[in-house]
Amino acid sequence: TQSTRPQRLLAAVQKNATRGDPRSVVLAIDQFCRQKEWAMNVGDEKGCILDSVVSEVNPGAVLELGTYCGYSAVRIACLLPPHGKIITLEFNPDNAAIARQVIAWAGLEEKIQLVVGASGDWIPKIKEQFGVKTFDLVFLDHWKDRYLPDTKLMEECGLLREGSILLADNVICPGTPDYLEYIRNSPRYKSQYFKSHLEYTKVEDGLEKSVFLG
Ligand SMILES: O=C(NCCc1nnc(-c2ccc3[nH]cnc3c2)[nH]1)c1cc(-c2ccc(F)cc2)cc(O)c1O
Ligand SMILES: [Mg+2]
């Protein structure tokens with residue numbers, strides 16, 4: 001039977017990356033996506049912006065919405081402080097199964113908690129289920145029409161504190177117009193746009209970084 005793109009991406013990781021070496025996993029995925037098949041990872045160009053934000057925030061608790069194959073979860077987990085953890089949410093169980101194996105190849109199972117399900121269902125349960133008070137950093141990279149409702153839900157569930165950082169992928173392509181309009185006009189956020197390109201292409205895209213002011 002025909003393999004899927006995530007399965008071929010995992011095979012490239014297992015062939016070209018060194019077990020337990022997260023940076024070699026990131027490199028193997030970027031090479032696969034540049035040389036073989038495009039895939040919707042945040043990628044190397046926007047990934048450098050992600051790295052700089054993670055390093056600056058030095059987060060103890062990270063929430064990622066939209067795991068896909070685990071590329072950004074691995075990239076973020078590499079840079080966490082010793083007790084830092086990331087909870088990452090994936091909707092599609094087949095993608096989650098691939099992401100688990102990518103995360104295992106990188107040797108980051110202890111730092112990355114992968115959860116399968118819908119953000120709207122999970123966000124209200126995170127505090128009790130995972131003993132998290134608030135998140136220092138949230139990386140939004142899931143369905144683009146969920147960025148705004150899930151941001152409002154995180155506010156309502158008390159998952160954000162004064163100084164929490166939201167970093168949103170794809171605010172230009174595919175685009176998240178309602179989220180951008182809200183976050184850039186809300187007195188409760190201070191936002192900054194980082195112009196870049198859609199992963200592995202010359203198409204414009206960017207990351208929107210927003211500080212929750214409480
Ligand atoms: O759809 C994307 N990403 C979403 C994956 C996901 N993985 N998990 C979820 C989830 C997780 C919990 C959820 N709860 C409710 N919906 C949920 C969706 N969503 C995406 C698409 C593109 C893209 C650009 C140009 C094109 F021509 C085609 C595609 C680029 C990107 O960087 C993306 O991130
Ligand atoms: Mg994305």
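A: Let's start with a definition: donors are N, O and S atoms within 2.8 Å of the metal (3.2 Å for Na, K and Ca), and water is not among the atoms, so sites may look incomplete. This is a predicted model, in which local features need pLDDT of at least 70, side-chain atom pairs count only at pLDDT 80 or more, and totals for chains, interfaces and linings use all residues. Residues are numbered from 1 along each chain as its sequence is written, chains are lettered from A and ligands numbered from 1 in the order in which they are written, and side-chain values use heavy atoms, with hydrogens and water left out.

Q: Which protein donors does the magnesium ion (ligand 2) have?

A: They are Asp141 (OD), Asp169 (OD) and Asn170 (OD1), at 2.0 to 2.2 Å from the ion. Along the chain, their spacing reads D-x27-D-N. Asp141 and Asp169 are 28 residues apart and link distant parts of the chain: Asp141 is in the loop between strand 4 (135-140) and helix 8 (147-156), Asp169 in the loop between strand 5 (160-168) and helix 9 (171-175). Helices (H or I, at least four residues) and strands (E, at least two) are DSSP runs, numbered from the N terminus.

Q: Is Asn170 buried or exposed?

A: Buried means under 20% relative accessible area, exposed over 50%, and partly exposed in between (1.4 Å probe, protein chains only). Asn170 counts as buried because its relative accessibility is 3%. Asp141 and Asp169 are buried too.

Q: What does the side chain of Asn170 make a polar contact with?

A: A polar contact is a pair of N or O atoms within 3.5 Å; within protein, one must be able to donate a hydrogen and the other to accept it, and residues adjacent in sequence count only if both atoms are side-chain atoms. The Asn170 side chain makes such a contact with the side chain of Lys144 (2.9 Å), and another with that of Asp169 (3.3 Å).

Q: Which side chains have polar atoms by an oxygen atom of ligand 1?

A: Among them is Glu199, with a side-chain N or O atom 2.6 Å from a ligand 1 oxygen. For Asn170 the distance from a polar side-chain atom to an oxygen of ligand 1 is 2.7 Å, and for Lys144 it is 3.0 Å.

Q: How many residues of helix 8 are buried?

A: Seven of its 10 residues are, so helix 8 is mostly covered by the cut-off above. Tyr147, Leu148 and Asp150 are among the buried residues.
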